[in-house]
Amino acid sequence: MRLTYPKLTHLQALEAEAIHVMREVAAELERPVLLFSGGKDSIVLLRLAEKAFRPARFPFPLMHVDTGHNFPEVIEFRDRRVAELGERLIVASVQDSIDTGRVVEETGPRASRNRLQTTTLLDAIAEHGFDAAFGGARRDEERARAKERIMSFRDDFGGWDPKAQRPELWNLYNGRIRKGEHVRVFPLSNWTELDVWQYIEAEDLEVPSIYFAHEREVFRRDGMLYAVSEHVEYIDGESPFTESVRYRTVGDMSCTGAVASTARALDDVVAEIAATKITERGETRADDKISEAAMEDRKVAGYF
């Protein structure tokens, strides 16, 4: 009798790998946390956590590093989704970091709180004693992240050294750390943006409305479309106009651009992503339009 084994689809294989990573971290580390912003990647992480641990509660809380300049639609979705799951949400506030003098807020038309999140995140990790933080970063996003391991080691200063990362052979992960150190864990490392959207479509997952085309008041800067908001100052010559746009990624309103789009349903978004040749960060993140050397500096400083 010849045995036959079911073949996994591409998405099923990625899902299985990610679930394995989550269970390994939950078994090896004492106090993990899952970073949840309400964005598409962290929505997928939530679904994977459900498949990994339900019907039990997650063996870790959720945490959002909130800049205070996020899209209202995303914050509403975040709070509603957490309530539906019945899980615990920790909100680490960049505004609190500013108020206590831990960071200094930037000023001017190009000011952003995005870079200030690093200090807030590290302070929250230290305050709660977290030794592992699940994140939704993927290697296809930009060059610096392409060097990440799935379990990415951070020293007791929160620093990342690409030359000091541990080998990951045969899906074996080394979670040994000393007090004060932690690991960033990226279960979606081998996924692409298209994989994420195809998985969202296959699982019929809800995402914030701004991921779909809608009419919004925007202005153009450096070839990108930014939402009109109280958090952004105009530069001379900039003026608002209404455009049909959607967002490929969500974050701080001051540095996250929209893309012109008419994709109002999941299958339309999947088709649009399949046809694009520009990464989401390259097309929609102003703070990533910097030199590769500067990107490496930010990486070592722990910005990712």
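In this predicted model, the largest pocket encloses about 270 Å³ of space. Eighteen residues line this pocket, and those closest to its centre are Ile-125, Ala-126, Phe-130, Gly-180 and Glu-181. Among the elements of the fold, helix α5, which spans residues 117-128, gives the most to the lining, with three residues. Sorted by class, the lining of the largest pocket is made up of eight charged, six nonpolar and four polar residues. As a general point for reading such a description, rolling a probe the size of a water molecule over the atoms shows where empty space is left.

Glu-181, one of the residues closest to the centre of the largest pocket, also takes part in a salt bridge, its partner being Arg-178. Is Glu-181 buried or exposed? Glu-181 counts as buried because its relative accessibility is 9%, and the cut-off for that class is under 20%. Arg-178, by contrast, counts as exposed, at 61% relative accessibility.

The structure as a whole holds 25 salt bridges. In general terms, side chains of opposite charge can pair when their charged atoms come close. Three of these pairs are set out here, with the distance between their closest N and O atoms.

| Acidic residue | Basic residue | Closest N and O atoms |
|---|---|---|
| Asp-41 | Lys-40 | 3.7 Å |
| Glu-206 | Arg-80 | 2.8 Å |
| Glu-181 | Arg-178 | 3.1 Å |

In the pair formed by Asp-41 and Lys-40, both residues are buried. What does the salt bridge between Glu-206 and Arg-80 tie together? Glu-206 lies in the loop between α6 (193-203) and β7, whereas Arg-80 belongs to helix α3 (residues 72-85), so the pair ties together parts that are 126 residues apart in sequence. Glu-206 counts as partly exposed, at 43% relative accessibility, and Arg-80 is likewise partly exposed, with a relative accessible area of 28%. Glu-206 and Arg-80 also belong to one network, joined by salt bridges that share partners, which further includes Glu-15, Arg-47, Glu-50, Lys-51, Glu-76, Arg-81, Glu-84 and Glu-203.

Helix α6 itself has several buried residues, namely Glu-193, Asp-195, Val-196, Trp-197, Tyr-199 and Ile-200. Just after this helix, Asp-204 takes a positive phi of about 55°. Ile-200 can be set beside Asn-114, since the two are 86 residues apart in sequence and 26 Å apart in space, going from C-alpha to C-alpha. Asn-114 lies in the loop between α4 (94-99) and α5, and counts as buried at 11% relative accessibility.

Strand β7, which covers residues 214-221, contains Arg-216. Although arginine is a charged residue, Arg-216 counts as buried, because its relative accessibility is 13%. Which residues are in contact with Arg-216, leaving aside its neighbours within four places in sequence? They are Phe-71, Glu-73, Ile-210, Ala-227, Phe-241, Thr-242, Glu-243, Val-245 and Tyr-247.

A last matter is the confidence of the prediction. The mean pLDDT of the protein chain is 89, and 92% of its residues reach 70 or more. Over residues 289-304, however, pLDDT stays under 50, and for this stretch the model has 36 contacts beyond four places in sequence. Where pLDDT is low, the predicted coordinates should not be read in detail.

How values were computed. Residues numbered from 1 in each chain as written. Predicted model: local features only at pLDDT ≥ 70, side-chain atom pairs only at ≥ 80, totals over all residues. Heavy atoms only, no water. pLDDT = per-residue confidence, 0-100. Contact = heavy atoms within 4.5 Å. 1 Å grid on protein atoms, 1.4 Å probe; cavity = no way out; pocket = protein on both sides within 12 Å on 5 of 7 lines; lining within 4 Å. Points joined across faces, edges and corners; volume = space filled by probe spheres on them. Helix = DSSP H or I, 4+ residues; strand = E, 2+ residues; numbered from the N terminus. Buried < 20%, exposed > 50% of the residue type's maximum accessible area, 1.4 Å probe, protein only. Salt bridge = Lys/Arg side-chain N within 4 Å of Asp/Glu carboxyl O.
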